[in-house]
Amino acid sequence: GIGTKYGNLNLRKTVTTESMKGFKDYRTKDKSLSYDKRFKTGKNSYLDLSLNKGKSKSSSGYKTKTKGATVTFTKTFSSGGYNGSYIKGEINGKKISNKSLVNYYGKMIDV
């Protein structure tokens, strides 16, 4: 694989052999090429592009060709805040609280 600022390019060539006692070995040869790149589209969003193309051939003469693409858009609407199981606490000297639990329990317990 090669990673550049223009994306990641991966070349793959494999030979797989499956053996079973009493039968001839079954061999598959694969060749494939894939490309992927992440584009930042905004402050909290990005677009992932993946392309692939390949072919395989087996010792029995079976051949396949594949090609495809995937485009994924991701947007983070909000982040941050603590949403753990504790109502209030401290982690590494930083005060944390689960606001939802604090609001729900209110003054029912002493925290």
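This passage describes two surface patches and the surroundings of one strand residue in a predicted model.

A nonpolar patch on the surface is built from Ile2, Leu9, Leu11 and Leu33 and covers about 370 Å². One of its members, Leu33, belongs to strand 3, which spans residues 26-42. The relative accessible area of Leu33 is 38%. Patch members must have over 30% relative accessible area, so Leu33, although just partly exposed, passes this cut-off.

A second patch carries positive charge. Its members are Lys13, Arg27, Lys29, Lys31, Lys53, Lys55, Lys57, Lys63, Lys65 and Lys67. Strand 3, strand 4 (45-58) and strand 5 (63-75) are the elements that each supply two or more of these residues. Strand 3 therefore takes part in both patches, with Leu33 in the nonpolar one. Within the positive patch, Lys53 is located in strand 4. Lys53 has a relative accessibility of 56% and is classed as exposed, because the class begins over 50%.

Asn8 is found in strand 2, which runs through residues 7-18. With a relative accessibility of 33%, Asn8 is partly exposed, because this value falls between the limits of 20% for buried and 50% for exposed residues. When residues up to four places away in sequence are left out, Asn8 is in contact with Ile2, Gly3, Ser34, Tyr35 and Asp36. Among these partners, Ile2 is also a member of the nonpolar patch. Asp36 is separated from Asn8 by 28 residues in sequence, yet the C-alpha atoms of Asn8 and Asp36 are 5.3 Å apart in space.

Conventions:
Residues numbered from 1 in each chain as written. Predicted model: local features only at pLDDT ≥ 70, side-chain atom pairs only at ≥ 80, totals over all residues. Heavy atoms only, no water. Patch = residues over 30% accessible without salt bridge, like charges linked within 9 Å, V, L, I, M, F, W, Y side chains within 5 Å. Areas by Shrake-Rupley, 256 points an atom, 1.4 Å probe, with all protein chains shown as cover. Salt bridge = Lys/Arg side-chain N within 4 Å of Asp/Glu carboxyl O. Helix = DSSP H or I, 4+ residues; strand = E, 2+ residues; numbered from the N terminus. Buried < 20%, exposed > 50% of the residue type's maximum accessible area, 1.4 Å probe, protein only. Lys, Arg positive; Asp, Glu negative; His and termini not counted. Charge placed at Lys NZ, Arg CZ, Asp CG, Glu CD. Contact = heavy atoms within 4.5 Å.
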